[in-house]
Amino acid sequence: MATESLLRMYTAEASADLSTRQFQAVHLSGPGTGAPFIDITLTLTTKPFGILQNTPSVNQAADVVLIGSVTKWKTNSALTAGDLVGVSSGLATQLVTGTATSGQYYLGQVIAGTAAASGVAEVLLIGPGIL
């Protein structure tokens with residue numbers, strides 16, 4: 001069972017409807033200056049910011065867990081403790097060092113994995129870092 005601890009939070013306005021994206025990766029979007037927006041991270045080459053904790057609609061407050069926290073993260077494949085994970089359509093996906101395409105970001109390391117896709121893993125957020 002995935003748990004959470006040491007949650008470091010940041011709150012900003014959701015730029016889209018994220019009501020079905022709880023426990024998925026998000027990134028900062030919007031203007032280069034002024035208040036940022038939060039949006040879902042879809043690809044391994046978009047720099048992730050953290051994991052969404054609530055279910056905001058567009059223009060509502062999005063609560064995001066930041067680096068240094070242990071959090072729940074929905075997965076798209078089976079994951080094992082120790083796996084380095086990046087983002088695929090907001091979901092945690094395993095990255096294998098040395099085989100990843102240049103420019104892919106990782107966001108965390110799995111503490112408690114999942115046996116199948118569509119699970120929820122317990123992940124220590126250690127990135128974003130780039131492979």
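The following dialogue examines how terms are applied to this predicted model.

Trainee: What makes up the secondary structure of the protein?

Mentor: The protein has 10 strands and zero helices. Along the sequence the pattern therefore reads β-β-β-β-β-β-β-β-β-β, each symbol standing for a DSSP run of E with at least two residues.

Trainee: How are strands 1, 3, 2, 4 and 5 arranged, and what is the sense of the pairing?

Mentor: These five strands close into a barrel in the order 1-3-2-4-5, with mixed pairing. Neighbouring strands of this sheet are turned by 55° against each other on average, direction ignored.

Trainee: How do you know that strand 1 and strand 5 are paired?

Mentor: The criterion is at least two bridges found by DSSP between the strands. Strand 1 and strand 5 (residues 61-65) have five bridges in the antiparallel sense, and therefore count as paired. As an example, Ala 12 has Ala 62 in strand 5 as its bridge partner.

Trainee: Which strands form the open sheet, and why are strand 6 and strand 8 said to stand at its edges?

Mentor: The open sheet has five strands in the order 6-10-9-7-8, and the pairing is antiparallel. Strand 6 (70-74) and strand 8 (91-95) each have a single partner strand, so one side of each lacks a neighbour in the sheet; this places both at the edges. From one strand to the next, the twist averages 55°.

Trainee: Why do strand 7 and strand 9 count as a pair with two bridges?

Mentor: Because the requirement is at least two bridges, the two antiparallel bridges between strand 7 and strand 9 satisfy it. Within this pairing, Val 85 stands opposite Gly 108, and Leu 84 stands opposite Gln 109. Strand 9 also pairs with strand 10 in the antiparallel sense, over six bridges. There Gly 108 stands opposite Leu 125 in strand 10.

Trainee: What makes a set of residues a nonpolar core, and which members of the largest one touch the most others?

Mentor: The members must be buried residues of the nonpolar kinds, joined through side-chain atoms within 4.5 Å. The largest such core has 13 residues, and Trp 73, Val 85 and Val 123 touch the most other members. Strand 7 (84-88), strand 9 (105-112) and strand 10 (120-130) each give two or more residues to this core. Strand 10 supplies the largest share, three residues. A second, separate core has 10 residues, including Ala 12, Leu 18, Val 26 and Val 64. In soluble globular proteins, nonpolar side chains tend to be buried together.

Trainee: Which residues does Val 85 touch?

Mentor: Leaving aside residues up to four places away in sequence, the contacts of Val 85 include Trp 73, Leu 79, Leu 95, Tyr 106, Leu 107, Val 110 and Val 123. Gly 108, the residue opposite Val 85 in strand 9, is also among those contacts.

Trainee: Why is the pair of Tyr 10 and Phe 49 called edge-to-face?

Mentor: A pair requires ring centres within 6.5 Å, and planes over 60 degrees apart make it edge-to-face. For Tyr 10 and Phe 49 the centres are 5.5 Å apart and the planes stand at 85°, so both conditions are met. The count of aromatic pairs comes to one. The pair links distant parts of the chain, with Tyr 10 in strand 1 (residues 9-14) and Phe 49 in the loop between strand 3 (37-40) and strand 4 (50-52), 39 residues apart.

Trainee: Are these two rings' residues buried, exposed or partly exposed, and why?

Mentor: Buried means under 20% and exposed over 50%, with partly exposed in between. Tyr 10, at 30%, is therefore partly exposed, and so is Phe 49, at 21%.

Trainee: What makes the backbone at Phe 23 and Ser 89 worth noting?

Mentor: Most residues other than glycine have a negative phi. Phi is near 65° at Phe 23 and near 55° at Ser 89, positive values in both cases. Phe 23 lies in the loop between strand 1 and strand 2 (25-29), and its 14% relative accessibility falls under the 20% limit, so Phe 23 counts as buried. Ser 89 lies in the loop between strand 7 and strand 8; at 38%, Ser 89 is therefore partly exposed.

Trainee: Where is the cis peptide bond, and what is its omega?

Mentor: The cis bond joins Gly 127 and Pro 128, with omega about 10°. Pro 128 belongs to strand 10.

Note on methods. Residues are numbered from 1 along each chain as its sequence is written. This is a predicted model: local features need pLDDT of at least 70, side-chain atom pairs count only at pLDDT 80 or more; totals for chains, interfaces and linings use all residues. Side-chain values use heavy atoms; hydrogens and water are left out. Buried means under 20% relative accessible area, exposed over 50%, partly exposed in between (1.4 Å probe, protein chains only). Helices (H or I, at least four residues) and strands (E, at least two) are DSSP runs, numbered from the N terminus. Contact means heavy atoms within 4.5 Å. Axes are lines fitted to C-alpha atoms, for helices over the stretch in contact, and angles run from 0 to 180 degrees between N-to-C directions. Rings of Phe, Tyr and Trp (its six-membered ring) pair if their centres lie within 6.5 Å; planes under 30 degrees apart count as stacked, over 60 as edge-to-face and the rest as tilted.
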